[in-house]
Amino acid sequence: MKMMISLLFVFFSQVASAGERAVSSGTVSLVQIKAETAEVPATIVGVTGSVDLAAGTGSLTIPVSAWDSELEIRNNNVRNTFFQVAEHPTVTFSLESLALTDGAGIAKGTLSMYSGSVPVQASVSVSEGSDGVTAVKTTEPFFVSISALGLSEPLKALMKLCAHPSVSDAVQVSLSVTLAKE
């Protein structure tokens, strides 16, 4: 038991003392519901930024120009009509607090787009591999409201372009980032 406590202490003291670390890779996974029941999954790879786990702060840049649903016409419609990537190729998440106990906890911050900002709260886990790379990921999806972000008009334009009878206001979001070694 003492050995396990010692190992946990070493692990968390390493994580807590890590300081600001660059994001070496990151992916955002999204699920949108259209036509009442049809799930539209998508991913955004290439998340960049930095995170200071000890301070519970950081900034992530999410390249919405990389939004991918594995259907090129949909990708182009969403990127151009909804995200308006020609003028706004990225979205920013600012981490404002991170409370961890035994490698799990709550991350709070703000998601900002060209249209507005919303507070975000997510359950996360933090783990360090034997290679010294730290993984931070949501343990369950969280939801972001399209209307709260001020995107109701771009959503209506997208629905009209794609002839969708409905698209849910809530987008299910999951995040996974890997922090570079110290």
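**Exercise 1. What follows helix α2, and what is the sign of the phi angle there?**

Solution. In this predicted model, the residue that follows α2 is Q84, and its phi is positive, near 55 degrees. A similar question can be put to helix α3: just after α3 comes A163, which takes a positive phi of about 55 degrees.

**Exercise 2. Work out which residues of α2 are buried, and what they pack against.**

Solution. Begin with the helix itself, which spans residues 72-83. Within α2, the buried residues are N75, N77, V78, R79, F82 and F83. The next step is to look for their partners, and here the buried residues of α2 are found to pack against β6 (104-113) and α3. To see one of them in detail, take F82, which touches N77, Y114, I146, L151, P154, L155 and L158 when residues up to four places away in sequence are not counted.

**Exercise 3. Describe how α2 and α3 pack together, giving the angle, the distance and the residues that meet.**

Solution. Two packed helices are described by the angle between their axes and the distance between the axes. For α2 and α3 the angle is about 145 degrees, and the axes lie 8 Å apart. The crossing of these two helices is right-handed. On the side of α2 the residues in the contact are N77, V78, T81 and F82, and they meet P154, L155, A157, L158, L161 and C162 in α3. Sorted by class, this contact has eight nonpolar and two polar residues, and no charged ones.

**Exercise 4. Which residues of α3 are buried, and why can they be said to lie on the same side of the helix?**

Solution. First list the buried residues of α3, which are P154, L155, L158 and M159. They lie on the same side of α3 because they cover an arc of only 140 degrees around the axis. These buried residues pack against α2, whereas the face of α3 turned away from the buried side carries the exposed residues E153 and K160.

**Exercise 5. Compare the surroundings of S166 and S123, and decide whether each is buried or partly exposed.**

Solution. Start with S166, which lies in the loop between α3 (152-162) and β10 (170-179). Buried means under 20% relative accessible area; S166 has 15%, so S166 is buried. Leaving out residues up to four places away in sequence, S166 touches I33, K34, A35, E36 and M159.

Now turn to S123, which is found in strand β7. Its relative accessibility is 21%, and therefore S123 counts as partly exposed. With the sequence neighbours up to four places away again left out, S123 touches G105, I106, K137, T138, T139 and E140. The C-alpha atoms of S123 and L98 are separated by 9.7 Å, although these residues are 25 apart along the chain.

**Exercise 6. Step back to the whole chain and find which residues touch the most other members of the largest nonpolar core.**

Solution. The chain contains three helices and ten strands, and along the sequence they follow the pattern α-β-β-β-β-α-β-β-β-β-β-α-β. Of the 182 residues in the chain, 37% are buried. In soluble globular proteins, nonpolar side chains tend to be buried together. The largest nonpolar core here has 42 residues, of which L30, F82, F83 and L111 touch the most other members. Strand β7 (residues 116-128) gives the most to this core, with five residues. Finally, among contacts between residues at least 6 apart in sequence, 57% join residues at least 24 apart.

Definitions and conventions:
Residues numbered from 1 in each chain as written. Predicted model: local features only at pLDDT ≥ 70, side-chain atom pairs only at ≥ 80, totals over all residues. Heavy atoms only, no water. Helix = DSSP H or I, 4+ residues; strand = E, 2+ residues; numbered from the N terminus. Buried < 20%, exposed > 50% of the residue type's maximum accessible area, 1.4 Å probe, protein only. Contact = heavy atoms within 4.5 Å. Core = buried A, V, L, I, M, F, W, Y, C linked by side-chain atoms within 4.5 Å. Axes fitted to C-alpha atoms, helices over the stretch in contact; angles between N-to-C directions. Left-handed = near helix turned anticlockwise from the far one by under 90°. Nonpolar A, V, L, I, M, F, W, Y, C, P; charged D, E, K, R; others polar. Arc of directions from axis to C-beta.
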